[in-house]
Structure formats: C-alpha cells, structure tokens
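Trainee: I should like to request a close look at a single part of this model, with the remainder of the chain brought in afterwards for context. Please treat the packing of the helices in detail.

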Amino acid sequence: MPDTEVRTAIDALRADFRARLAAATTDRDLDALDAAFLSRKNGSVTALLKQVGTVPPDERREFGRLVNAFKTEIESAIEEKRGAVAATRRPAGAIDPTLGSRPIPIGRIHPLMRVRQEVEDIFARMGYEILEGPEVEDDYHNFEALNMPPDHPARDMQDTLYLGVPIAGGTWGAHRGRVPEAQVRAATLLRTHTSAMQIRYMKTFPPPIRLIVPGRVYRRDQLDLSHTPMFQQFEGLVVGRGITLADLKGTFEAMLRDLFGDVRVRLRPSFFPYTEPSAEVDISCQSCGGSGCGTCKHTGWLEILGSGMVHPAVFEAVGYDPDEVTGFAFGMGMERVAMLKYGVDDIRLFYENDLRFLEQFPL
Ligand code: DAH
C-alpha cells in the first residue's frame, strides 16, 4: 500500500469518524464509536494497521507513524467529547430551580358547608353551644316527647323513614312499658327533624340553654326542585328564666341580618305541636327589595324558618318546670338558606356535586 493510498484511507476514516463524533451525545454513543474504530478485533483503525504487511519495507515506518498519529487523534477526540458530555450531565440529586411548579389541585368548601360555618359562627358569637345529635332516632325523641303522642295527627305532617332493625339497647326510658313491644321495634327511625335533639339535650342538662344543632334529617320525599329525601337543618333552643317572644324576634333579626344583609324580618302565626305560640319567620325578598317578584311569588317575603315558644308539655316531658323557665326554639333549613343566599333554584344541585356547579363558588 503506497503512501498516498494510506493518506486517502485515513482521510476517509477521519471524515466518517468526525461525522459520528458530532452526532454522539452520550457515553454509550462514545463507547460505540471507540469500538468501531479502535477495538482490537474489528476496529477500522486496527484493520488498517494490520495491512502493514502490504506496505513496502522502506515505507513501513512512515505508515506506522501516520496510522498511529490518527489513532491518537481519535483517542483524544473521544476523550475530549467525553468531557463535554459529562459537563452537560446533571449532577446526581440536582434540582432545577427555574422549573415551574406543578399545579396543586385545590378543593373548595361546599356551599352547604359554607352556610353551616357561617351560621355556626353567628351563633357562636352570641354565646351558643353547637352540638350534633344522632341521625338514627326513636319515636320518643323525634315525636312523642315533642308533644306528638302516638295518636297525634301532627305525625302525619311528616312522612318518616322507619328502620327495620331497632336501635340496640333502645333509648325508650320513661315510656317503656306503656307502648307494646312490637310498636317499640317498629319505631326506630331516621330523624325527620333536628328537634329530636332538644329532648336529648334537656334530659341531660339543666337550664339555662343556648344551643344550635346542625345536622342531616330524612323524609320520605321524592327528589324534585325543592325536595330531597335527606337534607339539613339547624335546630335552635334557648331556655331560661324570663325568655319571651321578644327575645325570639330579636335573636332572629340579629342572626338573619348577619346572614343575609339588610333585610326586614316578620313573624307569621303558625302551628307546631312543640311550640305555643308558633311562628313562621320571613325575610324581605332580596331580589326585589320587598316590592314583589318571581322569587317571592309576588309577596315581597321569603319564608326562612319555623319557630315558637317551647310548649309546656315539652318541658314536662324532660323534667323542667314550665312555671320556672320559658324558652324559644326554631328549625331552619340549610339548603333553603344556601338557595336564597346564592340564588340556586334547584336543591338537587347541592347533592349532585357536579364540578361545573361547585366551581362557581369562590375558594
Ligand atoms: N321541626 C320543624 C321542621 O322540621 C322546624 C321547627 C319549627 C323547629 C318550630 C322548631 C320549632 O324547633 O320551634 O319543619
């Protein structure tokens, strides 16, 4: 192999080498390149060196010099590139502080929970205690002690969900024995109102009382715009010496203005077996300011809660002396408050939990 041919062969190899070196970006690429040119078995530079036998003896020295120089050139080029690749590699455990953070999914407070917190805050500021009660109740606490004896027509006012299996142990206390066992069994139920907790509380604690009971209640209702078989209420109970209807009205005015802003409050005579007198409480319609519109069915008023002065029969049932203490009580629907406050016209929306609905409420 004459000298010029050797140079041509080296030039061709060099061009190939440079192209592949430029394309190499990883240590693996460089290992492959090293093997392709320099491996003892099948590297192309090795193969060239092996052709030394075909070179005339007086040119062998020069041939060796040229090929070895090329070999050294390849080795140092690969070495240099290894350094460049290493420099771009991230050190182990490194972080990139310029990278944007991953978005954190933030939940929001459900509108009903918002209302609940707001109402609880209002009453907490007025010194009320906040307690929950059992959702599975018995006939005694839900009806009988609230002045609705077994044959009282008022029981027909609410369609009740009864449980097939009675509460273990029962809580029938005082009236056990007066009611046939079969009837006792049949009378474990999902509470139809939070009023049941009035009885539990008064049987446990002496007056004075300032109490709020938020919680779920159940009725045998079909789902529609304004009914769900499960909904939520706030029960309120205030008992002490000299509590009057004026305290009832003053409390509602303070609470409802705090909750709804600058509204007027009025009492309408009503009937509940556990209060006497009883009153339904309205606020002036916020949509029209009281002049009459679709929201208030052109009355200018929106019904917001049921209330009254605690009936003496209820005090007697819990062992309080109606000559000593008086009190007022009320029940307010949580969904009703939320619907009026947020302008929601379908109660089902609160329980479907469609994100398109929920995301309309602020964080
Ligand atoms: N329990 C009634 C209801 O579910 C609301 C209610 C009315 C509660 C008058 C009271 C009350 O405590 O005094 O509709």
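Mentor: What follows begins with the helices of the first domain and then passes to the second domain.

The model is predicted. The domain assignment of the chain places domain 1 at residues 3–88 and domain 2 at residues 111–358. Taken over C-alpha atoms, the centres of domain 1 and domain 2 are separated by 92 Å.

Within domain 1, helix α4 covers residues 60–88, and two helix pairs that include α4 can be described. Two packed helices are described by the angle between their axes and the distance between the axes.

The pair of α1 and α4 may be taken to begin with. Helix α1 spans residues 3–23, and its axis comes within 11 Å of the axis of α4, with a crossing angle of roughly 5°. Angles under 35 degrees count as roughly parallel, and α1 and α4 are therefore roughly parallel to each other. On the α1 side, the residues that meet α4 are Asp3, Val6, Arg7, Ile10, Leu13, Arg14, Phe17, Arg18, Leu21 and Ala22. On the α4 side, they are Glu62, Phe63, Leu66, Val67, Phe70, Glu73, Ile74, Ala77, Ile78 and Lys81. By class, this contact of α1 with α4 comprises 13 nonpolar and 7 charged residues, with no polar ones.

The pair of α2 and α4 has another orientation. Helix α2 comprises residues 27–38, and the axes of α2 and α4 come within 10 Å and cross at roughly 175°. That angle makes α2 roughly antiparallel to α4, since angles over 145 degrees are classed in this way. Helix α2 contributes Asp27, Leu30, Asp31, Leu33, Asp34, Phe37 and Leu38 to the contact, and α4 contributes Lys71, Ile74, Glu75, Ile78, Lys81, Arg82 and Val85. The residues of the contact of α2 with α4 divide into 7 nonpolar and 7 charged, and none is polar. Ile74, Ile78 and Lys81 of α4 appear in the contact with α1 and also in the contact with α2.

Ser44 adds a further detail to this region. Ser44 lies in helix α3, which runs over residues 44–50, and is partly exposed, with a relative accessible area of 24%. Ser44 and Leu13 are 31 residues apart along the chain, yet their C-alpha atoms are separated by 7.9 Å. Apart from residues up to four places away in sequence, Ser44 touches Leu13, Ala36 and Phe37. Of these partners, Leu13 belongs to the α1 contact with α4, and Phe37 belongs to the α2 contact with α4.

In domain 2, helix α5 offers a further case of packing. Helix α5, at residues 111–125, has 15 residues and reaches 21 Å from its first C-alpha to its last, close to the 21 Å expected at 1.5 Å a residue. Its buried residues are Pro111, Leu112, Arg114, Val115, Arg116, Val119, Glu120, Ile122 and Phe123. After α5 comes Gly127, with a positive phi near 85°.

The axis of α5 comes within 9 Å of the axis of helix α11 (residues 334–342), and the two cross at roughly 100°. That makes α5 roughly perpendicular to α11. Here Pro111, Leu112, Arg114, Val115, Arg116 and Glu118 in α5 meet Met334, Glu335, Val337, Ala338, Lys341 and Tyr342 in α11. The contact of α5 with α11 contains 7 nonpolar, no polar and 5 charged residues.

Leu248, in helix α9 (residues 245–260), is buried, with a relative accessible area of 0%. Leaving aside neighbours within four places in sequence, Leu248 is in contact with Leu267, Ser307, Gly308, Met309 and Phe328.

Some backbone features remain. A cis peptide bond with omega of about 0° joins Pro207 and Pro208, and Pro208 lies in the loop between α8 and β4. Another cis peptide bond, with omega of about -5°, joins Glu276 and Pro277; Pro277 is in strand β7. His298, a residue other than glycine, has a positive phi near 65°. His298 is found in the loop between β7 and β8 and is exposed, at 62% relative accessible area. Phi of Asn353 is likewise positive, near 55°; Asn353 is placed in the loop between α12 and α13 and counts as partly exposed at 41% relative accessibility.

Technical notes: Residues numbered from 1 in each chain as written. Predicted model: local features only at pLDDT ≥ 70, side-chain atom pairs only at ≥ 80, totals over all residues. Heavy atoms only, no water. Axes fitted to C-alpha atoms, helices over the stretch in contact; angles between N-to-C directions. Helix = DSSP H or I, 4+ residues; strand = E, 2+ residues; numbered from the N terminus. Parallel < 35°, antiparallel > 145°, perpendicular 65-115°, else oblique. Contact = heavy atoms within 4.5 Å. Nonpolar A, V, L, I, M, F, W, Y, C, P; charged D, E, K, R; others polar. Expected span 1.5 Å × (residues − 1). Buried < 20%, exposed > 50% of the residue type's maximum accessible area, 1.4 Å probe, protein only. Domains from an automatic or database assignment.
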